[in-house]
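Visitor: I am new to this structure and would love a close look at the core. Could you take me through it and then on to what lies elsewhere?

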Amino acid sequence: MKLRKQVTVCGGAIFCVAVFSLYLMLDRVQHDPARRQNGGNFPRSQISVLQNRIEQLEQLLEENHQIISHIKDSVMELTDTGAVSPSGHLPFRSANGSWVLHIQSHACATSCARCMLDVYSLLKFDNLDGGVWKQGFDITYEPEEWDKEPLQVFVVPHSHNDPGWIKTFDKYFLEQTQHILNNMVLKLGEDPRRRFIWSEISYFSKWWEGADKQKREVTRKLVKSGQLEIVTGGWVMTDEANAHYFAMLDQLIEGHQWLETNLGVKPQSGWAIDPFGHSATMAYLLKKANLTSMLIQRVHYSIKKHFASTRSLEFMWRQSWDKSSDSDIFCHMMPFYSYDVPHTCGPDPKVCCQFDFKRLPGGRVNCPWKVPPKAVVEANVEERANLLLDQYRKKSKLFRSKVLLVPLGDDFRYDMALEWDQQFSNYQRLFDYMNAHPQMHVKAQFGTLSEYFSAVYKAGGVAQGARPADFPVLSGDFFAYADREDHYWTGYFTSRPFYKSLDRVLESHLRGAEILYSLALGHARHAAMEGRYPVADYALLVDARRTVALFQHHDAITGTAKENVVVDYGARLLRSLIGLKRVIINAAHFLVMKNKEFYRFYQTEPFLETVRPATYSVVSVREINPSPPPPPPRYLVLYNPVEQERLCAVSVLVNTAHVRVLTEDGQTLPVQVSAQWASPIQMSSEATFMARLPALGLAVFHLYNMADSPMTLRSDTLLRLISLHPPSPCVLPMKSIRLKDDPQEVKVQMHFLVYGTRPSKDKSGAYLFLPDGTAKPYVQKEPPVVRVEEGPLFSEVVSHFQHFQQTVRIHNVPGADGLSVELSTAVDIRDQTNKELAMRLVTDIQSGDVFHTDLNGFQMQARRQFLKLPLQANFYPMPSQALIQDSQHRLSLHSAQALGVASLESGQLEVILDRRLMQDDNRGLGQGLKDNKKTVNRFRLLLERRDTGNAVRTGAPAFPSLLGHLTGAVLNHEVLALPVLPKKRGVPQLQTFCPLREPLPCDFHLVNLRSVVSQVGLLSCEDVRTLSMILHRKGMDCSLESPSLGFNCSTTQGQLGVSGLLRGLDLQLLQPVSLTLMHSAPPLANDSSVSLNPMELSAFKLKLR
């Protein structure tokens, strides 16, 4: 009976809110006929006015629908739980007229993927002037609010050190960072009440290398005493938009392993004050690394205002796919504009700037508000303390506890000893005064980040990392970021795509090298040949790990550093790529030798050679010169970095049109011989054959130069000039896609468009995307050259335009290669001025305003196109894929590089391919984007049909299908071709290497098999006996039809037997550990199976006999 009454009351509330909302809508339409939607100008005719009113009414009805849906969900939740929220949190209008939504944990648990989308739906993004807090509102309080429970204030000194931005990593270290850390050792020791936090281990490790024994010992004591805290502990403060989760995790591991080895410290709290938006993936990685709390800063100013108005700036961040609370991590969102001192003590920057004592008169830094700081002395300490306490109290009103965090720092602060004295001495005088006057009801002190979080948990009466009572739960992410007005930081999703692409190539090589090195070392030890194997290659792995880690920095992979800094990053990436190729060929050499007794390693005489994978997602070898008959053949070793068996088309460049390819056991394979075009008029020969490759294994093939056999197949080529007179918009020949055995065609057209930038005031730059309106069709005067090639194994259409070359290729092979369309766009816009080139897919899929993008290649996030937001606000990061879908089909665009993506109309996906911008966008860089390179962007386009009866579940998290996962894997982890170099004494007998007794289940991904050294420096093979195995069980959408994959694919309900996994190697230890290997659980029995839930990432330590 009680439950029915509750439901009746809530139902009545729904009805009342609905009626009242409709009344408000009619009233607004009646009294505000001149209201404009989206800033547009409307005609003054009576019909236009009427149409405008109707559009307003439709928009208001949509807002009302969102609100009613929320209340309905709340009622359904009450019905399910039989309980009413203690505070009755229903949406309400705030004083400024915007809707306020209280975020509840149960709502997130039942409809997680829509939580942040719901907030976006409710907010008006109106940017009203909030007074001294321009982007917020006026904050008031009653003086007696802290009489019973005094305010606890933790002032946290910090220095944000970018590992490259305006200066290179090395120059920053030489000129600033080393002085900060040297001063830290000296100045913290002067007073035990002082505190400092540090984040970037890339800098800390470089400083440590040059520090003497005394400095190292003092540093260890500071860490042990709690005066110095290492926060996050990653190699860098990683970007969270463009970075792939493999690299995000790897840089975290590299930092944590360095800390464990050198300082013996385990980070507890995350600190991310400068990434340009925040991803839920990072929250999950920190949680799985056993961190209990985290802090974020760069969030859209309207979101911050909304969270501040509801006191939701501290919340439990839950993954959208988590139906429990296992993934929850406590998160603190900084409320104001920036992380500098004027925007951290309270809402009024004019006041807060007066307490940044580096800006005291006479220094090089001033307060823009024209009121300088004053040194704190006995004569003014009372006035100064009360002025500062007022800001503290106002800021504390935005949070639910009476514990306050006040960061004290900025970029590269504390590099001079004078600043340490200015900040610490003046603040200590203020603290001493406050603490000595009980009537102020405040306890102020220096603190570390974890000391602050511990005080919050203590005040809430909960354990470390647990949810305090009534604290909200949130799912979703914080893209796109805007710091003011309509300045959306969505340009950096694409800026400098050449380096974004190179980063992913290096990541794939790093993973492949880690796995092969670990396997080769294990087999060398098993064969008692440790002394012959080049164990020293481990140094090349470490170098590559740290290069990849450094490039995840939020001014590196983002493309937002100065040109000379970008060149420095590029040189590091290339050097490490060359080193990884050496690791791969050395490991492959050992593993494919049939008789290991014949194995000899010569540093100056490599057994194999490597080249980069081909542009078009196939294997390319620059030249294989098959010897004239009679044999011997040229040997080709192919490495499959994917953990499932692979059936794929492999292409190699050859210097003859007469090629035969044989498997290791002598079976002749069909070969398609075709022209490889270096340009529209330059060509060479390319041989394509279908290869079956073992999971994570190496396969051996023989190539002969001999007369054609019945297995030699030639392709037909047609060269055509398409006349465009007069010049017309660029629409490529692809019109539709039809799945085999499906009579229904799906319209898929490919358009190329160009965005300009605003003609005046603020313009697009490395960070910002500020277009001059909607995109205009790409038009060129000269007719494009179109080449059509048809063959039995693949067919392709290549279109040559002035600023890009587009290749569309279809493989006629079983499996993932043959079930998607391969796209490649070589872009060169170096002669353009303030232009951005976009590729738009136009389909007849009824996707509405909803689409999905991936977060860091780890999970999918639902997006909506909001008409109330400017065009640039509707772009999102696409590290690896985006999709649209309806009740019948799903179209996924898989990407081999991070780019910006949008769906501006139903049935469309639009990707920004490159940007060339001539000016700075006033975010500190001081340069435009003028160092463009010819860049090849690679994609896979996958069309899937939905099973009959499996409708799209609105609000449910989206997952790729099994085929979607495999498509992304073959795109991002290409087959590597390793030709065997000719030998004077002949080539020893080679054999295929199959490392796994059986392939991993199809829903398992081997993220890495990483060798671990437990001490500084590498001594022998015995020092790398420990491996870390990181596994990801992928979440899958099973509502899509499953075509034949060309190999046996099975799942095991999340179970994996590790002891029998590696062929020829015996397991000695199996121990679950945290993701960064710092926290260990009790070892498992060697014959145990490990169990993972969908989407779970888990790590294990292995020791092999």
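Guide: With pleasure; residues touch, or are in contact, when their heavy atoms lie within 4.5 Å. This is a predicted model, in which local features need pLDDT of at least 70 and side-chain atom pairs count only at pLDDT 80 or more, while totals for chains, interfaces and linings use all residues. Residues are numbered from 1 along each chain as its sequence is written, and side-chain values use heavy atoms, leaving out hydrogens and water.

Let's begin with Tyr 392. Setting aside residues up to four places away in sequence, Tyr 392 touches Leu 151, Val 153, Val 155, Cys 345, Leu 404, Val 406, Tyr 427, Phe 431 and Met 434. Tyr 392 belongs to the largest nonpolar core, which has 248 residues. Such a core is a set of buried Ala, Val, Leu, Ile, Met, Phe, Trp, Tyr and Cys residues joined through side-chain atoms within 4.5 Å, where buried means under 20% relative accessible area (1.4 Å probe, protein chains only). Together with Phe 204 and Phe 478, Tyr 392 has the most contacts inside this core. Helix α17 (residues 563-592) supplies the largest share, 14 residues. Another core lies apart from it, with 22 residues, including Phe 154, Val 156, Tyr 339 and Val 456.

Phe 204 leads us to a pair of helices. Helices (H or I, at least four residues) and strands (E, at least two) are DSSP runs, numbered from the N terminus. The axes of helix α5 (residues 169-188) and helix α6 (residues 201-210) come within 10 Å, crossing at roughly 75 degrees; these axes are lines fitted to C-alpha atoms over the stretch in contact, with angles from 0 to 180 degrees between N-to-C directions. The two helices, α5 and α6, are therefore roughly perpendicular, a label for angles of 65 to 115 degrees. On the α6 side, Ser 202, Tyr 203, Phe 204, Lys 206 and Trp 207 make the contact, meeting residues of α5 that include Phe 169, Tyr 172, Leu 181 and Val 185.

Next, visit strand β15 (residues 634-639). Six of its six residues are buried, so β15 is largely enclosed by the rest of the structure. In a regular strand, side chains alternate between the two faces of the sheet. In β15, Arg 634, Leu 636 and Leu 638 are buried on one side, and Tyr 635, Val 637 and Tyr 639 are buried on the other. Strands pair if DSSP finds at least two bridges between them. Strand β21 (residues 698-705) runs antiparallel to β15, joined by six bridges, with Leu 703 of β21 as the partner of Arg 634. Four bridges also pair β15 with strand β40 (residues 976-979), again antiparallel, and here Tyr 639 is matched with Leu 976.

Finally, here is an open sheet of four strands. Its order is β16-β20-β19-β22, with mixed pairing. The edge strands, β16 (646-654) and β22 (712-714), each pair on one side only. From one strand to the next, the twist averages 35 degrees. Strand β19 (residues 671-677) runs parallel to β22, joined by three bridges, and Gln 672 stands opposite Leu 713 in β22.

How values were computed
Angles under 35 degrees count as roughly parallel, over 145 as roughly antiparallel, 65 to 115 as roughly perpendicular and the rest as oblique. Buried means under 20% relative accessible area, exposed over 50%, partly exposed in between (1.4 Å probe, protein chains only).
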